[in-house]
Amino acid sequence: MILEPVQRPELTDKTKSAYEQFERLIIEIKKKKLPEEIELVINRHITHLNTVSDADKKLRNEIRKEQSKIVGLLAQKLKIVPKNYFKKTWFVLGMTVFGLPIGAALGVSLRNMAFLGIGLPVGMSIGLAMGSNMDKKAKEEGRQLDIEL
C-alpha cells in the first residue's frame, strides 16, 4: 500500500501547487496495480518528502526531485508514464539525435555551416512525432497515468 503525503496547509502558492501536483501523482499511481518492491521504493520517496520540514524553496526542490525519481522508476521498470512523457522526452532527443546530424550533413554538403540550424526544427518535428506515437501506444495499453507533469 502506498503512503499518503503529509498535509501541509501552511505552504505558499508556488510550493503549494507543486505539492498538490505531487499528491495528484500519488493518487494516479494508486490506481495502478504495482509490484510490492516498487511500492516500497515509492514509499521511501514519500517518507523522505514527509520528513522535509522547510515549507518553501527547499521543499519545492525536494518535491521536484522525488517526483522525478518516482516517474523515472515507473517509466523504467513498468513502462508506466504520465501524459505527454514521451513527447517531452523525444522533443529534445529529436533535436539532438536527428536534428544536429541532419543540419551538419546539410552544412557540409552545401559547404556552409549556417545550414546547421535547419536540421534542428526537422529533428524536433521527428522527435515530437515519435513521442506522440509512443504516448498514444502507452495510453492504448493502459500504461499512462491521468496526469501531465
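Biologist: Which word fits Arg-143, buried or exposed?
Modeller: This is a predicted model, in which local features need pLDDT of at least 70 and side-chain atom pairs count only at pLDDT 80 or more, while totals for chains, interfaces and linings use all residues. Residues are numbered from 1 along each chain as its sequence is written, and side-chain values use heavy atoms, with hydrogens and water left out. Buried means under 20% relative accessible area, exposed over 50% and partly exposed in between, with a 1.4 Å probe and protein chains only. The relative accessible area of Arg-143 is 19%, so the word is buried.

Biologist: Where is Arg-143 found?
Modeller: Helices (H or I, at least four residues) and strands (E, at least two) are DSSP runs, numbered from the N terminus. By that naming, Arg-143 sits in the loop between α5 and β2 (144–148).

Biologist: Leaving aside neighbours within four places in sequence, which residues is Arg-143 in contact with?
Modeller: Contact means heavy atoms within 4.5 Å. With those neighbours set aside, the partners of Arg-143 are Lys-32, Leu-78, Lys-79, Ile-80, Val-81, Lys-137 and Ala-138.

Biologist: Lys-79 appears among those contacts, so what is its phi?
Modeller: Most residues other than glycine have a negative phi. Lys-79 lies in the loop between α3 (57–78) and β1, and is partly exposed at 45% relative accessible area. Although Lys-79 is not a glycine, its phi is positive, at about 60°.

Biologist: And what is the phi of Asn-84?
Modeller: Look in the loop between β1 and α4 for Asn-84. This residue is partly exposed, with a relative accessible area of 22%. Asn-84 is not a glycine, yet it has a positive phi of about 60°.

Biologist: How far apart are the end C-alpha atoms of α4?
Modeller: The expected span of a helix is 1.5 Å times one less than its number of residues. For the 25 residues of α4 that should give 36 Å, which agrees with the end C-alpha atoms being apart by 35 Å.

Biologist: At which residue in α4 does the kink lie?
Modeller: The bend at a residue is the angle between axes fitted to the seven residues ending there and the seven starting there. In α4 there is a kink of about 35°, shortly before the proline Pro-101, and it lies at Gly-99.

Biologist: What do the buried residues of α4 pack against?
Modeller: The buried set in α4 consists of Phe-86, Trp-90, Gly-94, Gly-99, Gly-103 and Gly-107. Those buried residues pack against β1 (81–83) and α5.

Biologist: At what angle do the axes of α4 and α5 cross?
Modeller: Axes are lines fitted to C-alpha atoms, for helices over the stretch in contact, and angles run from 0 to 180 degrees between N-to-C directions. The axes of α4 (residues 85–109) and α5 (residues 119–140) come within 6 Å, and the crossing angle is roughly 150°.

Biologist: Which is the crossing of α4 and α5, left-handed or right-handed?
Modeller: A crossing is left-handed if the near helix is turned anticlockwise from the far one by less than a right angle, and right-handed if clockwise. For α4 and α5, the crossing is right-handed.

Biologist: What separates the C-alpha atoms of Ile-118 and Leu-106?
Modeller: Ile-118 is in the loop between α4 and α5, and counts as partly exposed at 41% relative accessibility. Ile-118 and Leu-106 are twelve residues apart along the chain, and their C-alpha atoms are separated by 8.2 Å.
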